[in-house]
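Me: I'd like to go through this one together and check how each label is earned. Shall we start with the structure itself?

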Amino acid sequence: MIEIEKVNKWFGSYHALVDISESVGKGEVVVVCGPSGSGKSTLIRTLNRLEPIRSGRILIDCHDIHRPGLDINAFRSRIGFVFQQFNLFPHLDVLGNCTLAPIRLRGLKPAEARERALALLDRVGLVHKAHAYPAELSGGQQQRVAIARALAMQPPLMLFDEPTSALDPEMVGEVLAVMRDLARDGMTMVCVTHEMGFAREVADRVIFMDEGRVLERATPDAFFNSPQHPRAQQFLSDIRSPFAGAPG
Amino acid sequence: MIELIDTYWLFFLVGQYPNGPLGGLSLTLILASLGLVLALPLGLLLGIARVSPFAALRWPVTAVIFVVRGTPLLMVVFWAYFSLPVLTGHKTDQFTTMLVALVVFDAVYLAEIVRAGIKSLPAGQMECARSLGLSWLGAMRLVVLPQALRHMLPSLVNQFVSTIKETSLGYIIGLTEVSFIAAQINTQVFTMPMQVYLILGLTYFTLCFGLSRFAYWLDRRFNRGASIRVAA
C-alpha cells in the first residue's frame, strides 16, 4: 500500500531523512519509534506531503504522492492523519468537525454526514458529546474526536503522529483503545509513538529510527526482546528505566 | 452658541442640499460607510494574498502594501486627485477621489490586520484542514478565516474609527464634508472659531465613540456566546 523508495529530505543543511526505503502492506500496522529528532515525525508527514522531499519516491496505492501536478487534495482526503496536537477546529462543535470535510469534499448531504459522524462518535465512545465544542473536552476526548473526524472520510490508510504525546497519562489509554480497535478491524496504520505497550500488542512491525536513518526493522517481539542495533538497545533501556542514565 | 447651532444646524448636517450638492455630516457619514464597506473586502483579499503560498501573488501585493503604508494619507489623496483623471480619462469628482484614496489607504492597513489575524492561529489548523483534503482556499474560508476574523475584531474597529476621522482630509481637495462645512461656517460667523470647532470635534467624537461602543458590545456578545458554550 505504501512504498517508500530512497527518500531524502533536508531542512536547510540538516539531513533529516537519509535514504529511507520501507514498505507497508495493506492491513499492516507499523509503529515508528526512536528518540526525538530522529526524523520519525518528518517521515510520517512526508507520506501525505505535509513535508516535501528532496529526492526519492513515495507511492501510495501505486501513485507517486510527490509528483508535481498530482491532485494532492483528492489524495489527502483518502489518508487519515491524526496530529499530536489534535487540531480540532475550535469554532465548530464535535459534529461540525466530523462533517465538514465529508460534506465539502465527498458531497454528502448534511443528514448523511451527520449519521456517519454519529456512528463514528459512538465507536470512539463520544456520541454524547456530539454538540460540545472542543474547548469543553479533555485532551483524550479531543483526540478521539480527531480520530473520528479522520475516519469520517473513510480512508483506507491512517497515519498517527505521536497521538498520545500531548495527553495527560490517564488519558493515554482511551486513545490507544480506539487505535487498537481500528487495528483489529484491519485498518492499515502507520503510528509514530512512544507507547511501547501499544507497539508490542498491536504492531505487525516496528521501525526504529535515529538521525534520519532506519536502523532496525523487526517484529515487536524481536525488537523488544533482542534489539540488534546498539542505538536501539540504548533507546529501549532509556525508556524502560529513564533514571538509570541520569547523572547523580 | 445656541444661536450658532440654531442658524447653521441644517447647513452643518447636509451642506447646500437640496439647493446644491449634499455635504456636511451626511456626506461624511456616507463617505465613511462606503469607505468601510469597500475597504473591508479589498483588505480581506489583499491580506489573504499576503499570506498565500503563491509567490506571484504574494510579492506584488506585499510591495503595494509597503509602499502605501509608507506614505501619508494626505499624499495618497493628492495622488488620487491628480492621477485619477489621467488614468481614467474622465474628470473625477471630489467624492470619488476621496473615496478611492480612503479605500486604497485603509485596505492596506486592513490587509495587515487580516494577515496578523491569520498568523495568530496555530499553523496546525491550516495543516489539519489540508490533511483532510481541503484546498488552501477552502481551508482558509472554512477553517482559518472564521476563527481569525473573531480575533481581529478589536483591530478592525480601530481601523474603522480611523477611517471616520480620515474623511476630514477631504477638506483639502474641496470636498464639502463636515470639516469643510465647519470651516465655511467659521468664515461666515467669524467671531466664534472655538465654538464652531468644538462642535465639530464633539461630532467626530460622538461618531467614533459610538462605533467603538458598538464594537465592544459586539465583542462581548461573541464572548458571551463562547462562555455559554464552555459552561454547557
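Me: How much area is buried between chain A and chain B?

Reply: About 1900 Å² is buried between chain A and chain B, and carbon and sulfur atoms give 62% of that. Buried area here is the accessible area (1.4 Å probe) that two parts lose on being put together, summed over both. Bear in mind that this is a predicted model, where local features need pLDDT of at least 70, side-chain atom pairs count only at pLDDT 80 or more, and totals for chains, interfaces and linings use all residues. Residues are numbered from 1 along each chain as its sequence is written, chains are lettered from A and ligands numbered from 1 in the order in which they are written, and side-chain values use heavy atoms, with hydrogens and water left out.

Me: How many residues does each chain put into the contact?

Reply: Chain A gives 24 residues and chain B gives 19, with contact meaning heavy atoms within 4.5 Å.

Me: What makes B:E127 and A:R45 a salt bridge?

Reply: The rule asks for a side-chain nitrogen of Lys or Arg within 4 Å of a carboxyl oxygen of Asp or Glu. The closest N and O atoms of B:E127 and A:R45 are 2.6 Å apart, so the pair passes. One salt bridge is found across the interface of chain A and chain B.

Me: Why does the length of helix α6 of chain A agree with what a helix should span?

Reply: Helices are DSSP runs of H or I with at least four residues, strands are E runs of at least two, and both are numbered from the N terminus. The expected span is 1.5 Å times one less than the number of residues. For the 16 residues of α6(A), 169-184, that comes to 22 Å, and the end C-alpha atoms are 23 Å apart, so the two agree.

Me: Which residues of α6(A) are buried?

Reply: Among them are A:V172, A:V175, A:L176 and A:L182, where buried means under 20% relative accessible area, exposed over 50% and partly exposed in between (1.4 Å probe, protein chains only). The buried residues cover an arc of only 155°, so they sit on the same side of α6(A); the arc is taken from the directions from the helix axis to the C-beta atoms. A:E170 and A:R184, on the other side, are exposed.

Me: Why does A:T164 count as buried?

Reply: Its relative accessibility is 5%, so A:T164 falls under the cut-off. A:T164 lies in the loop between β7 and α6 of chain A, and its contacts include A:V172, A:V175 and A:L176.

Notes:
Lists of a residue's contacts leave out its neighbours within four places in sequence.
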